[in-house]
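Visitor: I would like to learn how to read the empty spaces in a protein model. Could you take me through an example?

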Amino acid sequence: MIPLLFAASVVIFTLLALQPGDPLDELRQQNPRITAEQLEQLRRAYGLDQPIYVRYFKWLGRALQGDFGQSRTYATPAAQIIFVERLPRTLILSGAALTLALLVAIPVGIFSAVRQYSRADYIITFFSFVGFSMPIFFLGILLLFLFAVWIPERVPWFPKFPVQSISDFQWSQVLSGEITFFQFIGDWAFKLVLPVLALSTIQMASWTRYMRASLLEVLNQDYVRTARAKGLSERVVLYKHALRNALIPIVTLVGLAIPGVFGGAVITETIFSYPGMGRAILDSLTDKDYNVAMAALAFLALLTAVFNLLADLMYAVVDPRIRYS
């Protein structure tokens with residue numbers, strides 16, 4: 001994992017450094033009177049006059065000590081913006097989306113496999129392909145149009161979902177007693193419905209198809225036919241013998257999909273104006289706030305490596321034939 005993370009950080013830092021322009025462009029536009037000497041002083045202060053490899057190793061040395069530099073946009077440590085302010089919100093959004101996708105995809109995939117070629121199977125397959133093929137930005141805008149505009153205008157009693165998911169209530173108001181804990185949770189839960197649906201739909205559709213295909217492959221194995229020939233009930237054959245082996249590829253997919261959900265949150269959080277880590281990545285790239293972008297993207301690379309490792313370790317839990325002793 002260490003060489004992998006090192007290579008990923010080199011690629012990310014190099015791509016950010018090779019972007020057209022530099023962080024001083026916005027300052028130059030906001031203050032046309034700034035002189036070339038002042039710009040040169042700022043370039044030296046930010047270290048932009050040094051080669052890319054020198055800047056990278058200086059960043060790496062600070063990052064290994066937990067210092068990801070200052071945000072030029074917010075004048076705040078980049079680590080505080082990403083890991084303290086934005087990451088908890090993205091964890092709530094992504095965790096809810098992953099949980100919903102798993103709770104729907106695995107049972108529906110099992111149902112579709114057991115009833116192969118039935119009408120229900122064809123319906124599930126159709127909607128799975130639709131959900132898998134639909135771009136997340138289009139789905140997000142469609143959900144906003146339907147549940148925040150079109151349906152509430154025609155159905156007076158239908159609750160109007162907010163166009164923006166930024167909560168009006170803050171945690172500090174709970175601590176001060178201005179609002180109750182249940183008001184705070186209810187407000188956030190209501191405003192998370194549409195972003196969670198948008199973020200979970202693609203994973204839900206994909207995992208349903210994988211669960212169906214994996215279980216069908218296992219159900220045709222010799223040991224499953226032997227279990228049936230021994231007189232075991234179909235329920236025992238399905239859930240005790242077939243399902244555990246069918247879950248092995250699903251474990252890999254889920255493990256590798258978790259960092260992807262964080263990446264997909266960039267688009268979802270932008271559409272729904274949700275103040276999470278994905279929105280911070282987009283804003284930092286637009287504003288050329290490289291320290292914030294490096295902290296967030298390096299964290300995504302770490303997530304990918306860690307969950308890849310966890311997926312490998314989970315094989316021993318799902319498949320009794322595998323042991324790491």
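Guide: Gladly; we will go through pockets, a cavity, two single residues and some annotated spans. Please keep in mind that this is a predicted model.

Visitor: What does rolling a probe over the atoms show?

Guide: Rolling a probe the size of a water molecule over the atoms shows where empty space is left. In this model, the largest pocket holds about 440 Å³ of space.

Visitor: Which residues lie nearest the centre of the largest pocket?

Guide: Those are Tyr46, Gly47, Arg62, Arg72 and Asn291, out of 21 residues that line the largest pocket. The elements giving two or more residues to this lining are α1 (2-17), α3 (36-46), α4 (52-63) and α13 (290-318). The largest share, four residues, comes from α4.

Visitor: How do the residues of that lining divide by class?

Guide: The lining of the largest pocket has nine nonpolar, six polar and six charged residues. You can also look at domains: at least three lining residues come from each of domain 1 (1-64) and domain 2 (78-318).

Visitor: How much space lies in the second largest pocket, and what lines that pocket?

Guide: About 340 Å³ of space lies in the second largest pocket. Its lining has 16 residues, and Leu5, Trp59, Leu64, Phe68 and Ala298 are the ones nearest the centre. Here the elements that contribute two or more residues are α1, α4 and α13. By class, the lining of the second largest pocket has 15 nonpolar residues, one polar residue and no charged ones. Domain 1 (1-64) and domain 2 (78-318) each supply at least three residues to this lining too.

Visitor: Let us turn to enclosed space. How many cavities of 30 Å³ or more are there?

Guide: A cavity is space where the probe fits but cannot get out. The count comes to one cavity of 30 Å³ or more, and the largest cavity holds about 60 Å³. Its lining is made up of Thr73, Tyr74, Ile81, Arg86, Ala280, Asp283, Ser284, Asp287, Asp289 and Val292. Both α5 and α12 give two or more residues to this lining, and α12 gives the most, with three. The classes are four nonpolar, two polar and four charged.

Visitor: Now a single residue: is Ser112 buried or exposed?

Guide: Buried means under 20% relative accessible area. Ser112 has 1% relative accessibility, so this residue counts as buried. Ser112 lies in helix α5 (residues 78-114), and beyond four places in sequence, Ser112 touches Asp121, Ile124 and Arg212.

Visitor: Where is Leu282, and what does Leu282 contact?

Guide: Leu282 sits in helix α12 (residues 277-286). With 32% relative accessibility, Leu282 counts as partly exposed. Leaving aside neighbours within four places in sequence, Leu282 is in contact with Val266 and Thr270. The C-alpha atoms of Leu282 and Ala293 are separated by 8.2 Å, with the two residues eleven apart along the chain.

Visitor: Which residues does the UniProt annotation "transmembrane region" cover?

Guide: The unreviewed UniProt entry gives that annotation to residues 91-114, 126-151, 181-202, 247-272 and 292-318. An annotation can be set beside the model's own geometry. Residues 126-151 are 92% helix and 0% strand, and the end C-alpha atoms of this span lie 25 Å apart. Residues 292-318 are 100% helix and 0% strand, with end C-alpha atoms 38 Å apart.

Definitions and conventions. Residues are numbered from 1 along each chain as its sequence is written. This is a predicted model: local features need pLDDT of at least 70, side-chain atom pairs count only at pLDDT 80 or more; totals for chains, interfaces and linings use all residues. Side-chain values use heavy atoms; hydrogens and water are left out. On a 1 Å grid over the protein atoms alone, a cavity is a set of points where a 1.4 Å probe fits but cannot get out, and a pocket is an open set with protein on both sides within 12 Å along at least five of seven lines; lining residues have an atom within 4 Å of a point. Grid points are joined across faces, edges and corners, and a volume is the space filled by probe spheres set on the points. Ala, Val, Leu, Ile, Met, Phe, Trp, Tyr, Cys and Pro count as nonpolar, Asp, Glu, Lys and Arg as charged, and the others, Gly among them, as polar. Domain bounds come from an automatic or database domain assignment. Buried means under 20% relative accessible area, exposed over 50%, partly exposed in between (1.4 Å probe, protein chains only). Contact means heavy atoms within 4.5 Å. UniProt positions are given in the numbering used here, feature names are shortened, and annotations may be inferred rather than shown by experiment.
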